[in-house]
Amino acid sequence: MTEIAGTSTGTHINTAEAPACSRPLAPLGLLAELTYRCPLQCPYCSNPLDMERGGELSAAEWDRVLRDAAALGVLQVHLSGGEPCARKDLEEILTSAVEAGLYTNLITSGVTLTRERLAGLAARGLDHVQISIQDTDPEKADWISGYKGGAPKKREVTRWVKDLGLPLTVNVVVHRHNIDNLPALIDYAVEVGAGRIEIANTQYYAWALKNRAALIPTREQFYRSLDVAREAKERLKGILVFDVVSHDHYAVRPKPCMGGWGRNLIDVTPSGKVLPCHAAETIPGLDIDNVRNRSLADIWLNGSAFNKYRGTAWMKEPCKGCDRCEVDWGGCRCQALAVTGDAANADPACALSPWHEAFAEIAERESKAPAPPFIYRRIGQPSSVA
């Protein structure tokens with residue numbers, strides 16, 4: 001029997017009350033989505049198509065969530081969005097995370113940051129910065145992000161990060177319009193002094209699903225990019241760490257969703273909803289809890305949304321009994337829903353799935369057709385750097 005006590009809400013939880021499959025270890029990370037507001041309009045954005053109602057959590061509410069997360073055993077918090085720097089009280093929220101003993105990672109586009117603000121965040125104890133880039137070509141980057149003048153500002157922010165002695169990750173979401181420029185994107189990460197690069201093939205849900213035909217690369221493009229990443233990883237060993245998020249349509253086995261549903265990560269949305277992954281709200285009938293009504297530890301251990309697809313008991317064939325069922329944990333539930341209509345079906349990324357061939361055919365067809373115009377996250381013309 002495992003008990004967790006002493007959270008700031010006075011929670012005392014006995015996991016013997018939950019099914020055996022839902023007796024998880026403590027989550028490693030908390031994705032704190034502070035806001036969905038963002039100056040960028042990226043067509044692959046993972047934020048919901050419909051913005052949340054109910055108001056953003058206050059800094060005081062985030063303070064309780066962060067302290068509860070640390071008491072639960074969370075080690076690191078990713079301050080994300082939207083654009084977390086849109087929060088005027090970001091400094092206060094960061095201080096709460098630092099005082100709770102969490103490793104802090106700021107995930108930002110950088111376009112609204114000033115050097116003074118970044119220095120202030122560093123002085124408060126910020127541990128790490130992750131900056132997203134769209135391309136090395138400024139005009140193309142503006143077109144992809146729907147934001148005018150962002151590329152030079154991002155490069156400037158990377159200099160500030162290094163000047164302040166903070167570790168830096170460069171993140172790039174790759175798709176048909178920038179995947180062939182991957183060598184230059186890797187060179188960019190080296191030039192700006194990043195210690196890590198995340199090469200994330202677009203994951204097709206939310207805005208990316210809406211823009212799939214405009215974003216999806218060909219199979220040939222994808223496999224060339226893997227060769228580029230492998231060569232660079234070997235060549236830059238000891239200089240740059242590579243984290244490659246693979247493309248599902250051209251896979252033969254699924255990747256574990258967020259390391260497995262309800263196994264490694266908690267996502268808290270701007271209004272306080274607690275999710276096993278940031279696309280989980282697309283699954284109908286999922287009973288989603290809120291930190292305004294229930295403690296984080298209780299939700300993690302006993303919440304029905306977290307236990308819905310945790311472990312293996314929920315699995316159907318061919319996942320049930322598969323020798324990889326505790327390796328990939330069934331893959332992505334949201335993708336299974338989007339393609340098959342049932343979140344409990346096999347992830348179509350798996351070659352054993354009855355939907356795999358149709359899933360791959362979608363990519364073959366759409367990637368070879370002319371790309372339609374982007375449907376941006378917000379309607380309107382690209383803005384400018386203030």
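These points cover the nonpolar cores, one buried serine and the cysteines of a predicted model.

1. The largest nonpolar core holds 60 residues. Leu 30, Leu 79, Ile 186, Ile 199, Ile 266 and Val 268 have the most contacts inside this core. Helix H1, residues 59-72, supplies the largest share of the core, with 6 residues. A second core, separate from the largest one, has 22 residues, among them Tyr 205, Cys 277, Ala 279 and Cys 334. In soluble globular proteins, nonpolar side chains tend to be buried together.

2. Leu 79 can be taken as an example from the largest core. Leaving aside residues up to four places away in sequence, Leu 79 touches Ala 32, Leu 34, Pro 84, Leu 90, Ile 93, Leu 94, Asn 105, Leu 106 and Ile 107.

3. Ser 132 lies in strand E6, which spans residues 128-133. Its relative accessible area is 19%, and Ser 132 is therefore classed as buried, the limit being under 20%. Beyond residues up to four places away in sequence, Ser 132 is in contact with Thr 108, Ser 109, Lys 154 and Asn 171.

4. The structure contains 0 disulfides. For Cys 334, the closest cysteine sulfur is that of Cys 277, at 3.9 Å; this is too far for a bond, because a disulfide requires sulfur atoms within 2.5 Å. Cys 334 is buried, at 4% relative accessibility, and both Cys 334 and Cys 277 belong to the second core.

5. Cys 85 is also unbonded, because the closest cysteine sulfur, in Cys 38, is 10 Å from its own, too far for a bond. Cys 85 is buried, with a relative accessible area of 6%.

Key: Residues are numbered from 1 along each chain as its sequence is written. This is a predicted model: local features need pLDDT of at least 70, side-chain atom pairs count only at pLDDT 80 or more; totals for chains, interfaces and linings use all residues. Side-chain values use heavy atoms; hydrogens and water are left out. A nonpolar core is a set of buried Ala, Val, Leu, Ile, Met, Phe, Trp, Tyr and Cys residues joined through side-chain atoms within 4.5 Å. Buried means under 20% relative accessible area, exposed over 50%, partly exposed in between (1.4 Å probe, protein chains only). Helices (H or I, at least four residues) and strands (E, at least two) are DSSP runs, numbered from the N terminus. Contact means heavy atoms within 4.5 Å.
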